[in-house]
Each structure stands twice: as structure tokens, then as C-alpha cells.
Amino acid sequence: MGAGFLGAPLARALGPGTVVASRSGTWRDDAPPDGVTLHPMDITAETLAIDPLLRCDALHIAVAPGGADVDRRALYVEGVKRLLDAVAAHPWRRLVYVSSTSALPNADGWIFESDARRPQSERGAVQRDAEDLVLAYGRRRNIPTLVLRLGGLYGPGRDLGRVYRRRRDAPMAGSGKAPTNLIHVEDAVAASLAALAAPAHVGGVIHVVDDDHQTRRAMYDALAQARGIEPVAWEAAVGPEAPTGKRVSNLRLKLDLGVRLKHPTHG
């Protein structure tokens, strides 16, 4: 479910026999790869034509709003629930749901999957509610279920340098001392493939982020230097104290899914 920045390359990697459903029913390029079928399906609609999905043995859900005016709760919570209820009778071998590190609290220091603290933002609360919904569904149905909490996605077509296309004359808010929590799309695809193939006993939440947690300020400075332009200005000066903000651990990604990152750093 989903043919966007992650869903499209995942379907390409899975190859023939893969069924893809998306809101628009269109492929990111011109046409889906050979052997991959594409179907329109808007999970916020009242009724869903689920027959194409029932040819599959595993379900991977990676949906995105696609615009600022989309009701996130209607998509991530109500829409995902509608989809899962519609396919409840199917004997799924594995369920994988793609979430976001926004589901984590904005706390200083390392954060692991066992951290039960909830996010402070409404956006994060929606993501956490969706995670809880999917995990509870898997437990009730006895379906091996994994939630992949992805950091910010980047890669071909979504270069880190795009931040400069939104650059304004005014300084950016804060000091830029918050750690980055990002993931290259190739490594996100590898995590999804590993999650779909994982043994039944592997479940719960797994963080999918780079090893690199340099500060936003350091990342933007490196991008500016590489492009030969002036660095970003910040509202607050940076002192000698340690960075503040969450560093998302990727230990389970390596130990439980066996993923070796192709792009461990983004500097």
C-alpha cells in the first residue's frame, strides 16, 4: 500500500508478483516494472476494492499525506484501520507498517524502541496512535507485525540540498544544535525487504535511521561548503555545550533485521 518515494522502489525490488495500491493509481515514473500490478485505492474512502490485495501473502503499508491540507488522522489512523478491517479475513503471513520518528518524544539523548514516552506534537501523536492501532491489530489476529519508524527520507530525487530551495533571508529558528535522524531511501528499502522476510518471532517497533547524528547546523554547513555558497544563518548562537534533542538508535535494525547500511553517514 503506497507507491511513493519508498513504495515505488520497494515494489521494484520485490519484482514480479507484487501488487501495489495507491491513492492515485499512478506510478512515479511512466509505468510499474514488469510483473508489478498497480491499482487505485484511497483508504480514506468509505469503501475499498480490496480484491487485488488478496493475491498477496504479506502487507506493507507506507502512506503519506501528499499535501499540507490532508487530514493526517483521517489517513494514518482512520484510513489504516479501514484498510485493515477490510482485509481482516485474509491469512496474512506478515504485516509491516511504515511510521516516522515523529512518533517519539522530543527528548535529549538516545532514544530506543522501548521508550514508552509519547510525543508532544499532534503530528507525532497521530503517528503513535497509528502504530498502536497496527500493533494491536497484529496481536488480535496473530499476525507477525513490524512497525518501521523511519527518519527523514533522502536520496535520488530528494537530495539533502533541497533545504536551500526553501531558504529565506531570515535566519532559521533555534541554534541548529538538534541531531539529525535521517535515512537514505536505499537503506529504507533494505529495511522493508528485511521486515517482510523476517521470521515470525521478530515483531514490534524498529527504528530505521542512519548511524550519522551530526547536528542540523553541521549538516547545513557541510552542504553550503560543498556547493560553494554562504552557510545558513541561525537565530541563536551555538556554544560549547552538547547538542540537544533526540538521537534515535538503530541497534535493532542491525541486530534483529540484519540490515547493513549502504549509506551510514550523510555528511
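Q: What makes the D129 and R118 pair a salt bridge?
A: A salt bridge needs a side-chain nitrogen of Lys or Arg within 4 Å of a carboxyl oxygen of Asp or Glu. The side chains of D129 and R118 meet at 2.7 Å, N to O, so the pair fits that rule. This is a predicted model, where local features need pLDDT of at least 70, side-chain atom pairs count only at pLDDT 80 or more, and totals for chains, interfaces and linings use all residues. Residues are numbered from 1 along each chain as its sequence is written, and side-chain values use heavy atoms, with hydrogens and water left out.

Q: Why is D129 called partly exposed?
A: Buried means under 20% relative accessible area, exposed over 50%, and partly exposed in between (1.4 Å probe, protein chains only). D129 has 24% relative accessibility, so it counts as partly exposed. R118, with 39%, is partly exposed too.

Q: Why does the R128 and E131 pair count as a salt bridge?
A: Their closest N and O atoms are 3.9 Å apart, so the pair passes the 4 Å limit. R128 and E131 are three residues apart in helix α3, which means about one helical turn separates them. Both R128 and E131 are buried.

Q: How do you know that R252 and D256 form a salt bridge?
A: Here the closest N and O atoms lie 2.6 Å apart, so this pair is also within 4 Å. R252 is partly exposed because its relative accessibility is 21%, and D256 is partly exposed at 35%.

Terms used: Helices (H or I, at least four residues) and strands (E, at least two) are DSSP runs, numbered from the N terminus.
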